[in-house]
Amino acid sequence: MVTLNRESMSIMREIDVIPFRNRLKEYAVKIGMSLVNQTKIITAASELARNMLKYANGGKVTIEVVSKGRENGIRMVFKDEGPGIPDIDKAMKDGFSTGKSLGLGLPGTKRLVSEFAITSEVGKGTTVIVTKWKNG
Amino acid sequence: MKNEAIKIFQKKKKAVLENWMKFQLADEGLREDLMSNEDLRSQSEELLDAFIDNLSDENIDDPANSAFEAIVDILSGISISRAKQGFSPRETGIFVFSLKDALLNVLQQEIKDPQELYVQSLKIIKIIDSFGISTFETFIKGREEVILRQTDEISEISTPVIRVWDGILALPIIGTLDSARTQIVMENLLQEIVESGSSIAILDISGVPAVDSLVAQHLIKTVSATRLMGAECIISGIRPEIAQTVVHLGIDLSQVVTKASLASALKTAFGLLQLQVVKKQKQQQITE
Ligand SMILES: Nc1ncnc2c1ncn2[C@@H]1O[C@H](COP(=O)(O)OP(=O)(O)O)[C@@H](O)[C@H]1O
Ligand SMILES: [Mg+2]
């Protein structure tokens, strides 16, 4: 996988999500992603950004335009220094929430993207990396 | 003994001001539409007075000195009000940095020794640069305040409740549906239901860019609240790409009446109220 372009933004307040989402949309349009895939990656990004805000008091996101073979895509790294997730398997289950919400953010995001990886360490923070291929 | 530069500035205050005004007025981007030349002059004079009066042997080498706080305050006030009036950062930058040109210009005329001129100039440059940085910081803060105020205004005005028919309300939602906004939408809607005695509400989300799990949760909550009031709530404007995304996310909207367009939601609403829209018969056909 080759990175063609990289940009970082910090997400500290709810209003920071709007410019981030707009930027993401620009990249998605630029690589010619279909409307359905655009909507999927934007929704996934929205879930992960909200989690950072809600559970970790904010964090940093890096957007990359990547390419593998003939396929272009967008890769995002969400990194926070929050409390971490004690049981990732549990957090990945539909409906599990410690925040009185639907508990669909993490498992739903995994279904919306092409590649999904999560690492977390209690007391250190959480990193979620997702990739959506243009036609994936 | 007083620093050479301070003595020069005190003596030549008038010349500095004239120079400064000349530089500012020479800028092509000068916004005479936003501020008259008289206002610009009095603003400049106030700042220059404060600067020269506060300048002393102790602080001329120390841009962070607390004696400059008063000037930074004046500058911040100017900077914030300019940000709100719609000045660009460039114009505000020129306001500060042309003062540097004016001060250096006068120093150059008065100090003949190049070494001394260099030393004094450097001090002035450092002080004005630090003013410049403060100015930009406050300028951006001013702009952020404008943005925050607009955000509030937008969420206020962009949640109208429309009485589309007797007993039918419509709420077009445009933009992001966050928690604060949902609260406003819900309050407006419930109040209108009571006031108008409506039994059907259509929530149109054609203008919502993305429906994530939080937005969905808000929508479901609004529907439940409407039902508690004895009214039915239809969600319309779910575009195909949003429908697909919602399904992948795993959101269950089966308990909610959803329609693709506002028109089809209205049709359903007419049906629920046992109303029918029929084409008017031509005049002759009736008389026939
Ligand atoms: N960045 C994060 N830091 C700490 N905990 C998190 C983070 N993201 C998710 N979690 C945990 O995982 C759970 C599931 O998250 P998610 O699937 O998005 O559902 P929800 O946000 O509705 O609870 C959350 O309730 C929270 O306990
Ligand atoms: Mg979540």
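**Figure 1. Glu45(B), a partly exposed helix residue.** Buried stands for a relative accessible area under 20%, exposed for one over 50%, and partly exposed for what lies in between. The model shown here and in the other views is predicted. Glu45(B) has a relative accessible area of 36%, so it counts as partly exposed. Glu45(B) belongs to helix 3 of chain B, which spans residues 37-54. The view also takes in Lys14(B). Glu45(B) and Lys14(B) stand 31 residues apart in the sequence. In space, their C-alpha atoms are 9.3 Å apart.

**Figure 2. Asp166(B), an exposed loop residue of chain B.** Two strands frame this view: strand 1 (162-165) and strand 2 (168-174) of chain B, with Asp166(B) in the loop between them. Is Asp166(B) buried or exposed? Its relative accessible area is 70%, so Asp166(B) is exposed. Gly197(B) is the partner to look for. The C-alpha atoms of Asp166(B) and Gly197(B) are 8.9 Å apart. In sequence, 31 residues separate the pair.

**Figure 3. Chain A and its elements.** Chain A holds 4 helices and 5 strands. Starting at the N terminus, the order is β-α-α-β-β-α-α-β-β. The chain has 136 residues, and 50% of them are buried.

**Figure 4. Residues around ligand 1.** The shell contains 18 residues. Which of them are closest to ligand 1? They are Asn51(A), Tyr55(A), Ser97(A), Thr98(A) and Ser101(A). Sorted by class, the shell has 9 polar, 8 nonpolar and 1 charged residues. Helix 4 of chain A gives the largest share, 3 residues.

**Figure 5. Polar atoms of chain A beside the oxygen atoms of ligand 1.** One side chain and two backbone positions appear here. An N or O atom in the side chain of Ser97(A) is 2.6 Å from an oxygen atom of ligand 1. At Gly103(A), a backbone N or O atom is 2.8 Å from an oxygen atom of the ligand. Leu106(A) also places a backbone N or O atom 2.8 Å from an oxygen atom of ligand 1. How much of ligand 1 does the protein bury? On its own, the ligand exposes 530 Å², and the protein buries 94% of that area.

**Figure 6. The pocket of ligand 1.** Ligand 1 takes up the space of the largest pocket. Two helices of chain A each give two or more residues to the shell: helix 2 (35-56) and helix 4 (105-112).

**Figure 7. Asn57(A), a positive phi after helix 2.** Most residues other than glycine have a negative phi. Asn57(A) is not a glycine, yet its phi is positive, near 60°. The residue sits in the loop that joins helix 2 to strand 2 (59-68) of chain A. Asn57(A) has a relative accessible area of 67%, and therefore ranks as exposed.

**Figure 8. Lys100(A), a positive phi between two helices.** Where does Lys100(A) lie? Lys100(A) is in the loop between helix 3 (88-91) and helix 4 of chain A. The phi of this residue, which is not a glycine, is positive at about 60°. With a relative accessible area of 79%, Lys100(A) is exposed.

Methods
Residues numbered from 1 in each chain as written. Chains lettered and ligands numbered in written order. Predicted model: local features only at pLDDT ≥ 70, side-chain atom pairs only at ≥ 80, totals over all residues. Heavy atoms only, no water. Near = heavy atom within 4 Å. Polar contact = N/O pair within 3.5 Å; in protein donor to acceptor, adjacent residues only side chain to side chain. Areas by Shrake-Rupley, 256 points an atom, 1.4 Å probe, with all protein chains shown as cover. 1 Å grid on protein atoms, 1.4 Å probe; cavity = no way out; pocket = protein on both sides within 12 Å on 5 of 7 lines; lining within 4 Å. Sits in = over half its atoms within 2 Å of the grid points. Nonpolar A, V, L, I, M, F, W, Y, C, P; charged D, E, K, R; others polar. Buried < 20%, exposed > 50% of the residue type's maximum accessible area, 1.4 Å probe, protein only.
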